[in-house]
Structure formats: C-alpha cells, structure tokens
Amino acid sequence: MLKWAIIFAVISLVAGVFGFTGVAAGAAGIAKILFFIFIAIAVIFVVLALLGIGAVS
C-alpha cells in the first residue's frame, strides 16, 4: 500500500512541475490519505505483535 502512496506523491510532483495544480492537489490528497492508512495498519500490526497475537513470518 505504501507503493501507491509513493506513486501518487510522484504524480503530484510531476503535475505540479507541469502546472497542473488541480491534478497535483488531488494526487497529493490521495497520497496523504494512503500514507495515513498505511501508518495506522503498521501501528496495529506492531501492537498485535507486542501482545503476542499477531503472526510473525
């Protein structure tokens, strides 16, 4: 999922360079949402691992 956040961040940068500010703002918003979802999932996995509930592979 982090891959998609990075892809949208790159799209945002490229669109900003070429002057497509609307596209850049939209892609940046999507990247931010995906990044926060990724962080939340990572925190949940860490908490589960610390409690001994999660599977470590």
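**Helix assignment and model**

A helix is here a DSSP run of H or I with at least four residues, and helices are numbered from the N terminus. By this criterion, Leu13 has its place in helix 1. The model described in this report is a predicted one.

**Packing of helix 1 and helix 2**

Two packed helices are described by the angle between their axes and the distance between the axes. Helix 1 covers residues 2–17 and helix 2 covers residues 21–51. The two pack at an angle of about 160°, and their axes are 8 Å apart. Angles over 145 degrees count as roughly antiparallel, and helix 1 and helix 2 are therefore roughly antiparallel to each other.

The crossing of helix 1 past helix 2 is left-handed. On the side of helix 1, the contact is formed by Leu2, Trp4, Ala5, Phe8, Ala9, Ile11, Ser12, Ala15 and Gly16. Helix 2 contributes Val23, Ala24, Ala27, Ala28, Ile30, Ala31, Leu34, Phe35 and Phe38. Sorted by class, the contact of helix 1 with helix 2 comprises 16 nonpolar and 2 polar residues, with no charged residues.

**Ser12, Leu13 and Gly16 in helix 1**

Ser12 is part of helix 1 and belongs to the contact with helix 2. Its relative accessible area is 13%; the limit for a buried residue is under 20%, so Ser12 is classed as buried. When neighbours within four places in sequence are set aside, Ser12 is in contact with Ala24, Ala27 and Ala28. These three residues are among those that helix 2 brings to the contact with helix 1.

Leu13, also placed in helix 1, has a relative accessibility of 61% and therefore counts as exposed. The C-alpha atom of Leu13 is separated by 8.9 Å from that of Ala27, which is 14 residues away along the chain.

Gly16 is located in helix 1 and is among the contact residues of that helix. With a relative accessible area of 42%, Gly16 is partly exposed. Gly16 and Leu2 are 14 residues apart along the chain, and their C-alpha atoms are separated by 21 Å.

**Aromatic pair**

A search of the whole structure yields 1 aromatic pair. The pair consists of Phe35 and Phe36, with a centre-to-centre distance of 6.2 Å and an angle of 55° between the planes, and its geometry is tilted.

Phe35 has a relative accessibility of 39% and so counts as partly exposed; Phe35 is also one of the helix 2 residues in the contact with helix 1. Phe36 is exposed, its relative accessible area being 53%.

Note on methods:
Residues are numbered from 1 along each chain as its sequence is written. This is a predicted model: local features need pLDDT of at least 70, side-chain atom pairs count only at pLDDT 80 or more; totals for chains, interfaces and linings use all residues. Side-chain values use heavy atoms; hydrogens and water are left out. Rings of Phe, Tyr and Trp (its six-membered ring) pair if their centres lie within 6.5 Å; planes under 30 degrees apart count as stacked, over 60 as edge-to-face and the rest as tilted. Buried means under 20% relative accessible area, exposed over 50%, partly exposed in between (1.4 Å probe, protein chains only). Axes are lines fitted to C-alpha atoms, for helices over the stretch in contact, and angles run from 0 to 180 degrees between N-to-C directions. Angles under 35 degrees count as roughly parallel, over 145 as roughly antiparallel, 65 to 115 as roughly perpendicular and the rest as oblique. A crossing is left-handed if the near helix is turned anticlockwise from the far one by less than a right angle, and right-handed if clockwise. Contact means heavy atoms within 4.5 Å. Ala, Val, Leu, Ile, Met, Phe, Trp, Tyr, Cys and Pro count as nonpolar, Asp, Glu, Lys and Arg as charged, and the others, Gly among them, as polar.
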